[in-house]
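Reader: I am new to this structure and would like a close look at one part of it. Please take the last helix and its surroundings, and say how far the model can be read there.

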Amino acid sequence: MNYESEFMNELYNKYFFDIVRYCKALLAGDEVLAVDCAHTVFDEARNNISKLKKHKNVAGWLMLTAKHRVMRTVRGLALKRIRETDIDEMAERYEESLSYIQNYEIELSDTDIENKKQEILNSLSLDERHIYDMYYKDRKKQKEIALELNVSSDAVRMRLVRIKRKITDILMQK
């Protein structure tokens, strides 16, 4: 076994479970994600082994890398959740919540749902509708939309947040 492999094994044996525990705490107890994050930290450590061997605070480097990995994971999960929420799902939630509120006395028909969907889409401005279609229907990434619209990725993200908020407000109206 060469020196680099020995060094990585030593790091792994010494810090792996501490990193898993740290990631698990940041991920609200999700052990599967925590273990994945910890493995990714050690993959990154292996890729930066020459820098890491000279580092004054290896444990600190590993923990900081773990923190960044967890933040990327959380951000990815949030984006996935946002991307997976489209107007059809919101319309279904509307039907469920309305039925619950009205004690199941009235069920919405497919026509009612389609009418509500059209009402929502018609309430969006042309720009909002264009962004909505690119993101939810065409499945374009925020960066792609930003390039097409010649704005920053943050601007696109904020517009999507506002569109989602607008749709939610409409769904919550009686």
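Author: This is a predicted model, and the protein averages a pLDDT of 80, with 80% of the residues scoring at least 70. Confidence is lowest in helix α5, residues 87–101, where the mean is 60. It is highest in helix α8, residues 142–149, at 92. Where pLDDT is low, the predicted coordinates should not be read in detail.

Some context comes before the close look. The protein has 9 helices and 0 strands, and its pattern along the sequence reads α-α-α-α-α-α-α-α-α. Of the 174 residues, 32% are buried. Taking contacts between residues at least 6 apart in sequence, 59% join residues at least 24 apart.

Now to the part in question. Helix α9 covers residues 153–172, and the loop between α8 and α9 holds N150. The phi of N150 is near 60°, a positive value in a residue other than glycine. Most residues other than glycine have a negative phi, and most peptide bonds are trans. N150 counts as exposed because its relative accessibility is 71%, and exposed means over 50%.

A positive phi is also found in the loop between α7, residues 126–137, and α8. There the residue is R139, again not a glycine, with phi near 60°. R139 has a relative accessible area of 44%, so it is partly exposed, a class that lies between 20% and 50%.

S153 belongs to helix α9. Its relative accessible area is 27%, which places S153 between the two cut-offs of 20% and 50%, so it is partly exposed. Leaving aside neighbours within four places in sequence, S153 is in contact with Q142, K143 and A146. Q142, K143 and A146 lie within the residue range 142–149 of helix α8, so these contacts link S153 of α9 to α8. A further distance can be given for S153: its C-alpha atom and that of K141 are separated by 9.3 Å, and the two residues are 12 apart along the chain.

Helix α9 also packs against α6, which covers residues 110–123. Two packed helices are described by the angle between their axes and the distance between the axes. For α6 and α9 the angle is about 140° and the axes are 10 Å apart. Angles over 145 degrees count as roughly antiparallel and 65 to 115 as roughly perpendicular, so this pair falls outside both and is oblique. The crossing of α6 past α9 is right-handed. On the α6 side, the contact is made by K116, E119, I120 and S123. On the α9 side, K166, I167, I170 and L171 take part. Sorted by class, this contact has 4 nonpolar, 1 polar and 3 charged residues.

One residue elsewhere in the chain may serve as a reference for the accessibility values. T65 lies in helix α4, residues 58–84. T65 is buried because its relative accessible area is 8%, and buried means under 20%. Apart from neighbours within four places in sequence, T65 is in contact with V41 and E44.

To return to the request: helix α9 has S153 in contact with Q142, K143 and A146, and it packs obliquely against α6.

Terms used
Residues numbered from 1 in each chain as written. Predicted model: local features only at pLDDT ≥ 70, side-chain atom pairs only at ≥ 80, totals over all residues. Heavy atoms only, no water. Helix = DSSP H or I, 4+ residues; strand = E, 2+ residues; numbered from the N terminus. Buried < 20%, exposed > 50% of the residue type's maximum accessible area, 1.4 Å probe, protein only. Contact = heavy atoms within 4.5 Å. Axes fitted to C-alpha atoms, helices over the stretch in contact; angles between N-to-C directions. Parallel < 35°, antiparallel > 145°, perpendicular 65-115°, else oblique. Left-handed = near helix turned anticlockwise from the far one by under 90°. Nonpolar A, V, L, I, M, F, W, Y, C, P; charged D, E, K, R; others polar. pLDDT = per-residue confidence, 0-100.
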